[in-house]
Amino acid sequence: MSRRPFIAGNWKLNLGPAAAAALGAELKVRLAARGDIDVAVFPTALSITAALQATEGAGISVGVQNVYVEATGAFTGENSAAMAREAGCTYALLGHSERRHVFGESDALIGQKVHASLAAGLLPMLCIGETLPEREAGQVEAVIHRQLETGLAGLSEAQVGTVTLAYEPVWAIGTGVTASPEQAQEVHAFIRSWLRERYAPWIADETRVLYGGSVKASNAAELLSQPDIDGALVGGAALSAVSFAGIVAGALA
Ligand code: PEP
């Protein structure tokens, strides 16, 4: 089973509308001849429209970095999945380590956000990953198991089949420390075997599992050559069209 490579850029709290439009326009040019690779970018909510306009016709999907669990109501400051969909988003990034560890989001809340996103017609990109103390305590598989079990709770097999997973070890995000290809592959293989046992072989075969954590143009090809790594979720290196395009090229290597 071959899974189409997928490179996604998380712009985090960077790039207001003008800067998002500029980067989107540059990506449109640099990624025009990228071949069979899916690309998505996740701007801050205020820059979604600018990113969509700048990348129009380039086959670059745009996603929202977070959603609230309710569609409308007295929830000042939040964005709903339905509104993100209406604004033109395809994906919702959920459970990013900064949402978990800076904003204290629980596995259960993230699971609710997965449901809210699917109900609104957004495709969830669910992030999972252990902290350094959890890795040092030998808890990697237990943490991944818990985050998957709760994050996907209550979904039908068909719904699980629409989810993209991103394994992002917390100790590798924004630190310049990348998991070695072997370390990443080991966890990706565990995720795939978990999907096979918990759901079905077709889900294990078709679900794309991206790696995230200090991916750069210089290390992308080696990470992406691992059998169970289907793409990358990129933070810092997604803020430059040159480096992001270099990572996309790494998926072809
Ligand atoms: C991220 O924000 O999801 C991420 C992986 O960041 P970085 O590539 O900067 O480590």
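**Exercise 1. Polar contacts of the ligand**

Task: In this predicted model, find which polar side-chain atom lies 2.8 Å from an oxygen atom of the ligand, then describe the surroundings of the ligand.

Solution.
1. Start with the side chain of Lys 12: one of its polar atoms is 2.8 Å from a ligand oxygen.
2. Go on to Asn 10, where a side-chain N or O atom is 3.1 Å from an oxygen atom of the ligand.
3. Look next at the backbone. Gly 235 places a backbone N or O atom 2.8 Å from an oxygen atom of the ligand.
4. Take the cover of the ligand. On its own the ligand has 290 Å² of accessible area, and the protein covers 95% of this.
5. List the shell. The ligand is surrounded by 14 residues, and Lys 12, Glu 168, Gly 174, Ser 214 and Gly 235 are the closest.
6. Sort the shell by class: 8 residues are polar, 4 nonpolar and 2 charged.

**Exercise 2. Ser 214 and Leu 15**

Task: State where Ser 214 is found, whether Ser 214 is buried or exposed, and where Leu 15 lies.

Solution.
1. Place Ser 214 in the loop that runs between strand S7 (209-212) and H11.
2. Recall that Ser 214 is among the closest residues around the ligand.
3. Read the backbone angle: the phi of Ser 214 is positive, about 55°, although Ser 214 is not a glycine.
4. Apply the cut-off. The relative accessible area of Ser 214 is 14%, and buried means under 20%, so Ser 214 is buried.
5. Turn to Leu 15, which sits in the loop between strand S1 (6-10) and helix H1 (17-30).
6. Leu 15 is not a glycine either, yet its phi is positive at about 65°.

**Exercise 3. The largest pocket**

Task: Give the space in the largest pocket and say which residues lie nearest its centre.

Solution.
1. Take the volume: the largest pocket holds about 440 Å³ of space.
2. Take the lining. It consists of 19 residues, with Leu 13, Gln 65, Asn 66, Arg 99 and Phe 103 nearest the centre of the largest pocket.
3. Divide the lining by class: 8 nonpolar, 7 polar and 4 charged residues.

**Exercise 4. The second largest pocket and Ile 229**

Task: Describe the lining of the second largest pocket, then follow Ile 229 from that lining to its place in the chain.

Solution.
1. The volume of the second largest pocket is about 160 Å³.
2. Its lining has 15 residues, and those closest to the centre are Arg 3, Leu 224, Gln 226, Ile 229 and Asp 230.
3. Two helices, H11 (217-224) and H12 (241-252), each give at least two residues to this lining.
4. By class, the lining of the second largest pocket has 8 nonpolar, 5 polar and 2 charged residues.
5. Ile 229 belongs to the loop between H11 and strand S8 (231-234).
6. Ile 229 has a relative accessible area of 4% and is therefore buried.
7. Compare sequence and space: Ile 229 and Pro 181 are 48 residues apart in sequence, while their C-alpha atoms are 9.1 Å apart.

**Exercise 5. Thr 162**

Task: Determine which loop holds Thr 162 and how far its C-alpha atom is from that of Glu 206.

Solution.
1. Thr 162 is in the loop between helix H8 (157-160) and strand S6 (164-167).
2. Its relative accessible area is 31%, so Thr 162 is partly exposed.
3. Along the chain, Thr 162 and Glu 206 are 44 residues apart, and 9.4 Å separates their C-alpha atoms.

How values were computed
Residues numbered from 1 in each chain as written. Predicted model: local features only at pLDDT ≥ 70, side-chain atom pairs only at ≥ 80, totals over all residues. Heavy atoms only, no water. Near = heavy atom within 4 Å. Polar contact = N/O pair within 3.5 Å; in protein donor to acceptor, adjacent residues only side chain to side chain. Areas by Shrake-Rupley, 256 points an atom, 1.4 Å probe, with all protein chains shown as cover. Nonpolar A, V, L, I, M, F, W, Y, C, P; charged D, E, K, R; others polar. 1 Å grid on protein atoms, 1.4 Å probe; cavity = no way out; pocket = protein on both sides within 12 Å on 5 of 7 lines; lining within 4 Å. Points joined across faces, edges and corners; volume = space filled by probe spheres on them. Helix = DSSP H or I, 4+ residues; strand = E, 2+ residues; numbered from the N terminus. Buried < 20%, exposed > 50% of the residue type's maximum accessible area, 1.4 Å probe, protein only.
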